[in-house]
Every structure is written in C-alpha cells, then in structure tokens.
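Hi,

Here's the structure I said I'd pass along. Have a look at it first, and my notes are underneath.

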Amino acid sequence: MKTRLLRTGAALLAVTLALPLAAADAIKVLIIDGRNNHDWVRTTESCKATLEATGRFKVDVSTAPAAFAKPQPAKPKAGDAEGKKAYDAALAVWKKEEADYNKAHAADWNKWSPKFADYAVVVNNYNGPEWGADMKDAFTDYVLKGGGLVNVHAANNAFTGWDNFNEMICCGWRGATFGKRIAVDDKTGQAVALVDAEEKIQGKGFGSGHGAKHLFTLKTRDAAHPIMQGLPAEWLHANDELYGRMRGSADHMHVLSSSFSKPEFGGTDMHEPMVWFAPFGKGRVVTTSMGHIMAADTSYDALHCVGFQTILARSTEWAATEKVTLAVPEGFPTLDKTSVIEPAKVVWKK
C-alpha cells in the first residue's frame, strides 16, 4: 500500500511539473465594465480575447449594475411647436421613469464590490456614474499597494471629480477649465503642459476632442521601456479616434508613444500622447486612448489592430509584474501598412 501511494504521489508530481508554464504562472486580470458611452460589451469581449490568446493571462469580468435602458424621446424638428410640446411632455415622463428606476436599483450599486485584491491587474473599460465611496477607497488602496491598472480609450473620460483617479491617469478627456492642456514635445518626446500663450494658440476655451476616425502613425517615445521594446520606431494604426487637447498634469507622466494629430482630419496640429504610464504609490498605471468602437460600428479595426493588441497585452503584463515576457506577435503593423487580425488568429511568438 505504501509503495502504491508513493508511486501515485510521484505520478501526480510528474503531471504537475509537466503543466505548461503559462498555465502555472497565469496573471489574474479583472476587466471592469458595464457603463460606457462606447460599446463596452464588444470592447470587453475583444480585450479579453486578446489577453487570453497570449496564453499569459486568466481573465475575469466585473460588470456594473444595468442602467435604465429605455431610450430618450426623439427631439422634434426645429420650428415644430406642437412637436416640441409633445416632446417636452414625453421627456418629463422619461425622466421620472429613469429617476424611479435609479431609486429602485440604488442598492445594486452597494452590492457591486469587485474584489480587486484577488487580481494582479485591472483593465478599465468603464466610463459611467461615479462609484460609491467604499469602492473608490478599495480601488485606490489596491493600486497604492501595488495593483496594476490599464485604462482603455474612453476609460480616461470618467471620474472627473475623483482626485486619486486623475492622478492615476495624469491626463484625460476633460473640460476646458480642468488642469492644463497636455501635449507631447516632438523634440524630447516628453509630456508638456502648455503655458497660457501656447494654450490660446492651440484652442484655449475648448476641452478635449477628436476629429474624424482615420489611420494614424504612432511614434515610439521610449524604446527602452519593456512595453515598447522591439516595436518599430513608427507604425501605422488602423482606423481609430485620435484624442486631442487632453487635460491634467504632466508632472509624473511618462510618454511611451504619441501621434501627430493632423489638421486635415480635424486634429490639433500637435503631437498627442497615445500610450503613457504613471506611478501611483507602489502601483503602475498605463493608459491608452486607442480602442474606439461604438454600438453602430461594424468594424473592429481599432481593437483588432495588432499594434493595439500588442500594447494592451504588454501593458497588462508590465502593470502586473513590472516585466514583459511577451514577444512582439507576427503581423505587427509597419510604417506603411496596417495589420488587422482578430485576436484568436494572432500568432504570439514564443
């Protein structure tokens, strides 16, 4: 009997040792979603698929309580007095129904309390109502103590009045009076807060914005950083929004890549930050403004761009571990050619 037990134990040990390293060392990731002015469902699905395709991550999702889903009444045409009267009455009914719904489901927010400490990194795909004080405190404590954070596209639009979050992201989609207008100095590659004279030239009085979706070039600003190692000096990103005039503070902001925002596409005629990181206590926070998709969009180009997928996966690994083991996948974009491949078909080099 003793001999049989020893043999069984040895067999189990052999099986354990034979497990793939990626499975044994999988990084636990939590995606936060549920509210966003963008298509958060497809954004989460795509980001989750990208991370899982690398074999490096185990991904869970925590979704905020559902919002009031009934659409607002349609506005009448200008000059339609009767239509305006009917619209006002219908809107008043809609607002009461929304208020009643929110009141009836207020407790749902208190029940929504992700266990951040169970994960090495959070991927933020949330842009909605501000979280409750307990959840905000738990999230702040999580990042301060070393939890990683990666913000995707519209996630940097959220929480305008939350000081800790503003410090984590450095700059984001904000109104004209918030912080300073942040840009990238093309000579140094560093984030800069524009002084008053420059800010007036670049549109003081206007908050953050973007022009029409288009292809644009990302310029690597810190080739030595683990996230950026092995990437081309410049590469062409697929059809996406290019955020401009983001606002906040450049004091602790480290730019990894930027893009020139061309006026012909409604841009700012300046270099805008595209991928950047900041320390927050012991935590590492990476933010990218890439990754746009709306409910009406039929194309996944921004999310399925191999460049975006590489940045997302490597940022998530670095935010969690301060290291990057993921090699640049096959089919990475070049300066002259985009590369759009669905996550399941991307080949990650070993």
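Strand S9 is the top contributor to the lining of the second largest pocket, giving five residues. S9 covers 214-220, and strands S10 (234-240) and S13 (254-260) also put at least two residues each into that lining. Before you go further: this is a predicted model, so please read everything here that way.

As for how much room there is, the volume of this second largest pocket comes out at about 200 Å³. It is lined by 14 residues, and the ones closest to the centre are Thr217, Glu234, Ser259, Phe260 and Lys262. If you're thinking about the chemistry of the lining, the split by class is five charged, five polar and four nonpolar residues.

The other thing I looked at is a helix pair. Helix H3 (residues 40-53) and helix H10 (residues 306-321) have axes that come within 10 Å and cross at roughly 70°. With angles of 65 to 115 degrees counted as roughly perpendicular, that is why H3 and H10 get that label. The handedness of their crossing is right-handed.

Which residues make the contact? On the H3 side they are Cys47, Thr50 and Leu51, while H10 brings Phe308, Gln309, Leu312, Ala313 and Thr316. No charged residues take part in this contact of H3 with H10, which has five nonpolar and three polar ones.

That's what I have on the pocket and the helix pair. Shout if anything is unclear.

Cheers

Conventions: Residues numbered from 1 in each chain as written. Predicted model: local features only at pLDDT ≥ 70, side-chain atom pairs only at ≥ 80, totals over all residues. Heavy atoms only, no water. 1 Å grid on protein atoms, 1.4 Å probe; cavity = no way out; pocket = protein on both sides within 12 Å on 5 of 7 lines; lining within 4 Å. Points joined across faces, edges and corners; volume = space filled by probe spheres on them. Helix = DSSP H or I, 4+ residues; strand = E, 2+ residues; numbered from the N terminus. Nonpolar A, V, L, I, M, F, W, Y, C, P; charged D, E, K, R; others polar. Axes fitted to C-alpha atoms, helices over the stretch in contact; angles between N-to-C directions. Parallel < 35°, antiparallel > 145°, perpendicular 65-115°, else oblique. Left-handed = near helix turned anticlockwise from the far one by under 90°. Contact = heavy atoms within 4.5 Å.
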